[in-house]
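This report covers confidence, domains, open and closed spaces, and cysteines. The structure is shown first.

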Amino acid sequence: MKNILFIIEKEFKQIFRNKAMLPIIFVMPIIQLFLLSNAATFDIRNLKIGINDNDKSTLSKELFRKIASSNYFVLTSIPKSISEAETELDIGKIDIYLEIPPNFEKNIINKNIDNDNTIYMLFNAIDGTKAGLGNFYLQSIIGDFSGSIIKYNKSIYFSPEEMIVFKNIGITYSNWYNPELNYNNFMLPGILVLLVTMIGTFLSAMNIVREKEIGTIDQINVTPIKKYEFIIGKLMPLLIIGTFELIFGMFIAVIIFKVPLVGNGLVILSFGIIYLIACLGLGFLISTTTDNQQQAMFISWFILVIFILLSGLFTPIESMPEWVKYITIFNPVKYFIEVVRLVMLKGSGFGDIGRHFLIISVFAISLNSLAVMRYKKTNI
Amino acid sequence: MYDIEIKNISKQYGDVIALNNINIQVRKGEIFGLIGPDGAGKTTLIRLIATLLVQNKGEIKALGYDTISQFQEIRNKLGYMPGRFSLYQDLSVIENLELFASIFGTTVEENYNLIKDIYSQIEPFKNRPAGKLSGGMKQKLALSCALIHKPELLLLDEPTTGVDPVSRKEFWEMLSKLKNMGITIFVSTPYMDEASRCDRIAFIQAGEILDIATPDEIISNFDDKLIAVKSDNKYKTLQDLKTLNTLRYVYPSGEYIHYVDSRKEYSISGIMEILEQKGNTNIELKLIEPNIEDCFMKEMMVRANERIIH
């Protein structure tokens, strides 16, 4: 037991003597939270749109105005034809092309349902998210528009049957737990998780493998110190730093970035500690399968990139293919991101996320036992 | 009583045989030298004794304990200094020393008298990071750390490699002092001239032990007539000597070529004449006494010849 303390003391000395370490611990979270929370937003504004109004009627001008004055779009061009629009899409002058058919107003007023009165839209879908959101925004503007025709244009009378055709179904909605759809609130907790994951996995993988690489592990191995004492002594300081990082990051998120903390921070903290133990176990496992820091670095990256992309932070897991969803079951990052969002934004307590606690504990135990087993095999 | 008993040890790395059926017994309180060139298997053998590796065959007892089943007992009483500097470079001299003292459940003060001679030389730099010490000082620190828990057995893997001649001499004097304190020392070295510092030595080559004896015995057992040859063109002379059909073995040694004839009795001037006939100039030929290196070369050459014959 005393030996663990000696190793912890030695580790802390080494960590804080490393001049790169303090900036990593204190500056990295601030930069990451600041940079990523502002960059990694799904809120798309200023989509470049070109509108071709072939009708030039009151109604079509009304629609034109509605779209052009929206925050989401900037009118950058008024193409005369679809071929002109295609050229402009090619050179990037516009992202979206919208064409209002001739006789648009006439068809509506005459209730010419049989005539084709379709609004034509063209999207630059190189960036799928951008195209999808642009489509969504336009649809809602047009839907809104068609609704307003019925409501306010008293000059046109619609029978109830006709109203169904035009109005379709009105949708009203409200966003619970994040009413303003603030992407900071959504992203920051997730980025916090990434931070803790990186500290836990990278530092532990590097730390143990470094002793192997420099040869210091030989000198330690011939002492009476037990394997488990050495490993606990090495992982404990990283657990402490990681926990500190989590608390520090949460403070920044809540105080500087004003992310609401609806639930209890202690729930996140206790989950975070178990999660960190799992991460440390992963790093430890990586270090037992590698001989030098370079290998450890690459393997950590390989695993973490997959974990992060399949974590639901950037793309919702629900929209992933079935087989990928099964893979995400084995992704610890996913569970912590869910927990942080649930607790911070929704206010879930221990009872609500018991399943998450159970799963992450299984991760922590199995990763660490696996690592210990491998470690025993490769060393006496 | 033996402090190290190595019985029929073989160790393989994949297809490479590092050690082949090694048998060595090291007596309590002696300095035992393991002497051989790079790649002979010295480090592997020391790491096996240090409980850091597991052999494929045979058994090793260190201080009476089996290196596999009782490694924990050995580690308490063993001092090990690896060939590569393996202390924490970012910790200071005193921090390294204190760390190893505390892991062994002792303090620097308690065993200070044991390391005093060595440590006092680096004590002025005790707050310097170990990585910033000179080569000789690193080696003294490593030895201090290996001694801090008062080990009964000291394993030193090429402690003098890369160390200047003066420091090497000093180092061997320190080992003699440690021996006088009753510590058994097992040391490996590629330097033949260090063999005379040991009580007994073992020649190791390509994973096999060639000979085990005291340095004096090894030299007195050398019963060949050894001739040192020197000329203007050493390379040509060496090639010419190799063509002699009375040759037993020949090898360059410093500025001379050492030559042994297969005949017991013959005249040196005969060799001289042949060399002159072959166009060598300024030839110097003399009968010399063998040193440890000659003994090692003989063992190696004779074995190699036997292999070719078989």
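Helices (H or I, at least four residues) and strands (E, at least two) are DSSP runs, numbered from the N terminus. The structure is a predicted model, in which local features need pLDDT of at least 70 and side-chain atom pairs count only at pLDDT 80 or more, while totals for chains, interfaces and linings use all residues. Residues are numbered from 1 along each chain as its sequence is written, chains are lettered from A and ligands numbered from 1 in the order in which they are written, and side-chain values use heavy atoms, with hydrogens and water left out.

The predictor gives the complex an ipTM of 0.80 and a pTM of 0.76. For chain B the mean pLDDT (the predictor's confidence in each residue, from 0 to 100) is 90, with 99% of residues at 70 or more.

Chain A is divided into domain 1 (2-40 + 182-374) and domain 2 (47-165); such bounds come from an automatic or database domain assignment. Taken over C-alpha atoms, the centres of these two domains of chain A are 49 Å apart.

Spaces were found on a 1 Å grid over the protein atoms alone: a cavity is a set of points where a 1.4 Å probe fits but cannot get out, and a pocket is an open set with protein on both sides within 12 Å along at least five of seven lines; lining residues have an atom within 4 Å of a point. Grid points are joined across faces, edges and corners, and a volume is the space filled by probe spheres set on the points. The structure holds 3 cavities of 30 Å³ or more.

| Space | Volume | Top contributor to lining | Lining by class |
|---|---|---|---|
| Second largest pocket | about 540 Å³ | α8(A), 9 residues | 16 nonpolar, 6 polar, 6 charged |
| Largest cavity | about 50 Å³ | β6(B), 3 residues | 7 nonpolar, 4 polar, no charged |

In these classes Ala, Val, Leu, Ile, Met, Phe, Trp, Tyr, Cys and Pro count as nonpolar, Asp, Glu, Lys and Arg as charged, and the others, Gly among them, as polar.

Of the 28 residues lining the second largest pocket, A:Asn18, A:Met21, A:Leu203, A:Met206 and A:Arg210 lie nearest its centre. The lining of the largest cavity includes A:Gln219, A:Val222 and A:Thr223 as well as B:Tyr80, B:Phe100 and B:Cys145.

No disulfides (pairs of cysteine sulfur atoms within 2.5 Å) are found over all chains. For B:Cys198 the nearest cysteine sulfur, that of B:Cys295, is 14 Å away. B:Cys198 is buried (under 20% relative accessible area; exposed is over 50%, partly exposed in between, with a 1.4 Å probe and protein chains only), at 5%.
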